[in-house]
Amino acid sequence: MLANYHTHTPRCHHAYGSEKEYIEEAIKCGFKILGFSEHVPFPESYGFNPTMRMAMEDLPDYTSTLVKLREEYKNDIEILIGYEVEYSEKYFEATMKTLREYPFDFVIQGQHFIDGDMIDIYAGSPTKDDNYLKAYVDATIKGMKTGEFKYLAHPDLINYKGDKDLYLSEMNKIIDASLEYSLPLEINMYGFIDQRNYPNKDFWKMVGQSKADVVIGCDAHWPHMIRRPEDVPGLMEFIKESGIKEIKN
């Protein structure tokens, strides 16, 4: 693992530490590339006061700070400017139009809600609702189809507690979409360390049986979360047991 593209900053209101601390940790770990991917703000027309994502007015400072740090550390590591974006049919075009007013290198898809709507139910909350699972998968695939994303972060974030066969059938559609649109799937290191419902063993065993590309994302919300996978107890064993034979950088 030479690169991590999933790194946050305090601007999302639930991450801690300065950008320099994340960068220094990445250098210490031997990373060649560190991509920052803050939770993208919604367009001002949405009228939502963000509590778990960057505010629209933070965009200029986020950009200028990383541009300066990219120059400062250019001999030590490559710094990339990115965003973690919710796909929403209603807001996606407006969101991307706003982002393109500033220089950035990439976006990753991080689907936390059915349609990127913060007033909706968080997909990481336990549910037995079959329709919610189907709607989540449908929304995720619509985002994948846009061709805008570098990869799909925590594709198994949905915390469905219902019928296992239905879960496997629906989630396999995401794997099929990954292959169709050449969009890698992320094993989320934060979820593994925090013992969340993701990475989901059943999902990743299906991935291991497919030819889908796989990446690892630190999803760092603290500088110490910038780690190499071999330094996370049990993670390499999880990957091996899933049947995944190659990790992309």
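Pro199 has its place in the loop between α6 (189-193) and α7, where helices (H or I, at least four residues) and strands (E, at least two) are DSSP runs numbered from the N terminus. A cis peptide bond joins Tyr198 to this Pro199, with omega at about 5°. The model is a predicted one, in which local features need pLDDT of at least 70, side-chain atom pairs count only at pLDDT 80 or more, and totals for chains, interfaces and linings use all residues. Residues are numbered from 1 along each chain as its sequence is written, and side-chain values use heavy atoms, with hydrogens and water left out.

Two histidines also deserve a look for their backbone angles. His13 is found in the loop between β1 and α1, and its phi is near 75°, a positive value in a residue other than glycine. His13 is partly exposed, with a relative accessible area of 45%; here buried means under 20% relative accessible area, exposed over 50%, and partly exposed in between (1.4 Å probe, protein chains only). His154 has a positive phi too, near 25°, and lies in the loop between α4 and α5. At 2% relative accessibility, His154 counts as buried.

The strands come next. An open sheet is formed by 4 strands in the order β1-β2-β3-β4, with parallel pairing. At its edges stand β1 (3-4) and β4, each with a single partner strand, so one side of each is left without a neighbour in the sheet. Two strands are taken to pair if DSSP finds at least two bridges between them. By this rule β1 and β2 pair in the parallel sense over 2 bridges, and Asn4 has Leu34 as its bridge partner in β2. At the other edge, strand β3 (residues 78-85) is joined to β4 by 4 bridges, and the two run parallel. Val85 finds its bridge partner in Gln109 of β4. The side chains of β4 leave the strand in two directions: Phe106 and Ile108 point one way and Val107 and Gln109 the other, and all are buried.

Another pair of strands can be followed further along the chain. Strand β5 (residues 185-188) and strand β6 (residues 214-217) run parallel and are joined by 4 bridges. Within this pairing, Leu185 is matched with Val214 of β6, while Ile187 has Ile216 as its bridge partner. From β5, Leu185 and Ile187 point one way and Glu186 and Asn188 the other, and all are buried. The strand β6 shows a similar layout, with Val214 and Ile216 pointing one way, Val215 and Gly217 the other way, and all of them buried.

Charged side chains complete the picture. Side chains of opposite charge can pair when their charged atoms come close. A search of the whole structure finds 14 salt bridges, each being a side-chain nitrogen of Lys or Arg within 4 Å of a carboxyl oxygen of Asp or Glu. One of them joins Glu25 and Lys28, with the closest N and O atoms 3.4 Å apart. Both residues lie in helix α1 (residues 19-29), 3 residues apart, about one turn of the helix. Lys28 is exposed, with a relative accessible area of 65%.

A salt bridge between Glu86 and Arg53 has its closest N and O atoms 3.7 Å apart. Glu86 lies in the loop between β3 and α3 (92-99) and Arg53 in the loop between β2 (33-39) and α2 (59-72), so the pair ties together parts that are 33 residues apart in sequence. Both ends are hidden from the surroundings by the cut-off used here: Glu86 is buried at a relative accessible area of 4%, and Arg53 is buried at 3%.The side chains of Lys164 and Asp202 also meet in a salt bridge (3.6 Å, N to O). This pair links distant parts of the chain, with Lys164 in helix α5 (residues 164-180) and Asp202 in helix α7 (residues 201-209), 38 residues apart. Lys164 counts as partly exposed at 46% relative accessibility, and Asp202 is partly exposed as well, with a relative accessible area of 29%. Salt bridges that share partners join Arg11, Glu19 and Asp61 into one network.
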